[in-house]
Amino acid sequence: MASPPTLPISNPQSNSGTTGSQSQPSIATPAFRSFIARLSSSVREGFSQRRPWSELIDRAAMSRPDSLSEAYSRIRKNFSYFRVNYITLLALVLAISLISHPLSLLVLFGLLGSWAFMYLFRPSDQPLVLFGRTFADREILGILVVLTVFVVFLTNVGSLLISALMVGLAVVCVHGAFRMPEDLFLDDQEPVNSGLLSFLGGAASSAAASSVPRV
């Protein structure tokens, strides 16, 4: 009498190991989470140093400067005092310009997303594979640089950003020149790189540190 056929039995541990090896890592890498945490912390710290808007638009403190040197001195002192308010105004002007041009906003978001997830926050030990081809880090960097130059200089995105920044800077300079800083409490010992601006230095050092293993 023939023995019954033996049924194959799969090993659950081996299957789970195979599934785990084939699963893709999460997009939210530790570097990305650290960047978001640092950004949110810097924004909160910066807004905590914001001056009251009533001081910014105080009409009683407005007067025309007597000379260009006085206007420059006022701009420098007012920027030291209203630094966070001025940065907020620049961001508001830039946001209004981008919202009024949704196509440029989508193109800019696509460019920033490409830099973030294809180079800055992609783990260095995981190569990028597109259309069956593996791209090295230098190739990805070159493609992103060419794409950035094309978007900024050969589309309306660059001119839109420059125009918005020029308008915002003009508003800041006009206000700083006409706002008398005599009634403001100016602390000359206050560090320049504080609040929102401190994030720029931290981001630059973090980017430099993250780019070391990509040589």
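**Exercise 1.** Is Phe82 buried or exposed in this predicted model?

*Solution.* Start with the cut-off: a residue is buried when its relative accessible area is under 20%. Next, look up the value, which is 0% for Phe82. That falls under the cut-off, so Phe82 counts as buried.

Now try the residue beside it in the numbering. Tyr81 comes out at 10% relative accessibility, so Tyr81 counts as buried too.

**Exercise 2.** Work out what kind of aromatic pair Tyr81 and Phe82 make, then do it again for Phe82 and Tyr86.

*Solution.* Step one is the count: the model has 3 aromatic pairs. Step two takes Tyr81 and Phe82, whose ring centres sit 4.8 Å apart with the planes at 85°. Planes over 60 degrees apart count as edge-to-face, so that's the label for this pair.

Step three moves on to Phe82 and Tyr86. Here the centres are 6.1 Å apart and the planes meet at 55°, which makes the pair tilted. Tyr86 is buried as well, with a relative accessible area of 1%.

Step four puts the rings together: Phe79, Tyr81, Phe82 and Tyr86 are linked into a cluster by ring pairs.

**Exercise 3.** Check how the length of helix H5 compares with what you'd expect, and find which of its residues are buried.

*Solution.* H5 covers residues 83–99, so you have 17 residues to work with. From first C-alpha to last, H5 reaches 24 Å, and at 1.5 Å a residue the expected figure is 24 Å, so the two are close. For the buried part, you get Arg83, Val84, Asn85, Tyr86, Ser97 and Leu98. Tyr86 is the one you've already met in the ring cluster.

**Exercise 4.** Find where Phe153 lies, and what surface patch it belongs to.

*Solution.* First, place Phe153: it's in helix H7, residues 137–154. Then check its cover. Its relative accessible area is 64%, and exposed means over 50%, so Phe153 is exposed. Finally, look at its company: Leu141, Val145, Leu147, Val149, Phe150, Phe153 and Leu154 form a nonpolar surface patch, with about 650 Å² of accessible area together.

**Exercise 5.** Which residues does UniProt list as "transmembrane region", and how much helix does each span hold?

*Solution.* The unreviewed UniProt entry lists residues 105–121 and 141–172. Residues 105–121 are 94% helix and 0% strand, with end C-alpha atoms 22 Å apart. Residues 141–172 are 97% helix and 0% strand, and their end C-alpha atoms lie 35 Å apart.

Definitions and conventions
Residues are numbered from 1 along each chain as its sequence is written. This is a predicted model: local features need pLDDT of at least 70, side-chain atom pairs count only at pLDDT 80 or more; totals for chains, interfaces and linings use all residues. Side-chain values use heavy atoms; hydrogens and water are left out. Helices (H or I, at least four residues) and strands (E, at least two) are DSSP runs, numbered from the N terminus. Buried means under 20% relative accessible area, exposed over 50%, partly exposed in between (1.4 Å probe, protein chains only). Patches are made of residues with over 30% relative accessible area and no salt bridge: like charges are joined within 9 Å, nonpolar side chains (Val, Leu, Ile, Met, Phe, Trp, Tyr) within 5 Å. Accessible areas come from the Shrake-Rupley method with a 1.4 Å probe; for residues, only the protein chains shown count as cover. A salt bridge is a side-chain nitrogen of Lys or Arg within 4 Å of a carboxyl oxygen of Asp or Glu. UniProt positions are given in the numbering used here, feature names are shortened, and annotations may be inferred rather than shown by experiment. Rings of Phe, Tyr and Trp (its six-membered ring) pair if their centres lie within 6.5 Å; planes under 30 degrees apart count as stacked, over 60 as edge-to-face and the rest as tilted.
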